[in-house]
Amino acid sequence: MREQGVRLLGEVRGSGKIEGHLTVFPEFFLPAGNPHDARMASRGPGELEVWAWAFVERDAPPEVKDSIRRATMRTFSLGGMFEQTTAKNWLEIQRVLRGYMARQRPFNVQMGIGHETHDSGGFPGKTITCTARWRRALLPSMGRDAKRGGLIMAAIAHPPKRKRRRGSARQPLVDATVQRAIEQFLYYEARLLDDRRIDEWYELLADDLHYFMPTPLQRLKREADREFSGPHEAALFDEDKRSIAQRIRRLHTGMAWAEDPRRAPAISSPT
Amino acid sequence: MGGGSPSRTRHLITNVMIRPAPNAGEYEVDSYYLVYRSRLEREVEMFVGTRHDLAATS
């Protein structure tokens, strides 16, 4: 793959050694840390929409493609454990920017304009290279304060373990004791989550758990069988017990900012 | 905007329908849920949906 990249794009762009995120101004970027992932954010004033793609090699074996799909979903797509925090931050930043004080100040969308170069460093056209100073500034402050984590995103508690069965709601016929026991289990599980007893909740999960929440799609009535994404498409959640354990460990790091911020976000003062 | 704090949630569960699964002692369980979540001063979200489980009695 690398040889092919170098042949097509030259040493600098094809060798995979580029560090940092690539931005196509103003709103498309390729996060370099995760080569399977790209985003765009745009929906007009005050509105933000993020698209995440996973790139796979066309010739890759199906299991490799599937593993990339799952890895992307579990990290940087809508239900992903990192995107949960990122999305929250973006929403709050947008809200803060609508405040009185924020609106009095010019917003810098300069993105290095005025510092661009042409056909330099192995990159064709107009490019701007930003240094990784922010990273050095930020990283030392991370990793401290392993505080108690918050609650995992609420929606995670609900994916089914079985594939969808549409139109199969028949009158149930089970013993009242069984009905009651199962209902009580569901209530208990809900209570543990509401009480933030997430480790106890985790203990209830089956070892062979498949925790799946499909993506709802906008379809015509005649395409009702395509209303939800299928087993090998982008789902909101496609988890097993191990990946849920990872999510919970992250909450316990004290760095799950959306649920457990280190300090108050930027304050937009009242008028 | 205030300081940070974890979400406050209530998971409401209704419409629990159960039927025997092909394997003895296993049941197919459908339920509806509504998750009410509030956070900070006025952030409110609701998630509503159907959940399918395969339940086994031990």
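Two residues are taken to be in contact if their C-beta atoms, placed from the backbone, lie within 7 Å. On this basis, and leaving out residues up to four places away in sequence, Met73(A) of the predicted model touches Gly79(A), Gly80(A), Ala234(A), Ala235(A) and Asp238(A). Met73(A) is one of the buried residues of helix H3 of chain A, the others being Thr72(A) and Arg74(A). The helix itself, residues 62-75, has a length consistent with its composition: at 1.5 Å a residue its 14 residues should span 20 Å, and its end C-alpha atoms are indeed 20 Å apart.

Met73(A) also belongs to the largest nonpolar core, a set of eight residues that further comprises Tyr211(A), Phe212(A), Met213(A), Ala235(A), Leu236(A), Phe237(A) and Ile244(A). Two elements of chain A, strand S7 (211-214) and strand S8 (235-239), each contribute two or more residues to this core. A second core, separate from the one just described, consists of six residues, among them Ala190(A), Leu193(A), Trp201(A) and Ala256(A). In soluble globular proteins, nonpolar side chains tend to be buried together.

Over chain A as a whole, nine helices and eight strands are assigned, and buried residues account for 17% of the 271 residues. Of the contacts in chain A between residues at least 6 apart in sequence, 54% join residues that are at least 24 apart.

The confidence of the prediction varies along chain A, for which the mean pLDDT is 74, with 71% of the residues scoring at least 70. Among the elements of this chain, the highest mean pLDDT, 95, is found for helix H8 (residues 198-203), and the lowest, 41, for helix H6 (residues 133-138). The pLDDT is below 50 over residues 132-164 of chain A, a stretch that nevertheless has 67 contacts in the model beyond near neighbours in sequence. Residues 264-271 of chain A likewise have a pLDDT below 50, with 17 contacts beyond near neighbours in sequence. Where pLDDT is low, the predicted coordinates should not be read in detail.

In chain B, Glu26(B) is located in strand S2, which covers residues 26-39. Glu26(B) is classed as partly exposed because 13 other C-beta atoms lie within 10 Å. Apart from its neighbours within four places in sequence, Glu26(B) is in contact with Ala21(B), Leu54(B), Ala55(B) and Ala56(B). For Glu26(B) and Ala56(B), a separation of 30 residues in sequence corresponds to a C-alpha to C-alpha distance of 4.4 Å in space.

Conventions:
Residues are numbered from 1 along each chain as its sequence is written. Chains are lettered from A and ligands numbered from 1 in the order in which they are written. This is a predicted model: local features need pLDDT of at least 70, side-chain atom pairs count only at pLDDT 80 or more; totals for chains, interfaces and linings use all residues. pLDDT is the predictor's confidence in each residue, from 0 to 100. Helices (H or I, at least four residues) and strands (E, at least two) are DSSP runs, numbered from the N terminus. A residue is buried if 20 or more other C-beta atoms lie within 10 Å of its own, exposed if 12 or fewer, and partly exposed in between; C-beta atoms are placed from the backbone. The expected span of a helix is 1.5 Å times one less than its number of residues. A nonpolar core is a set of buried Ala, Val, Leu, Ile, Met, Phe, Trp, Tyr and Cys residues joined through C-beta atoms within 7 Å.
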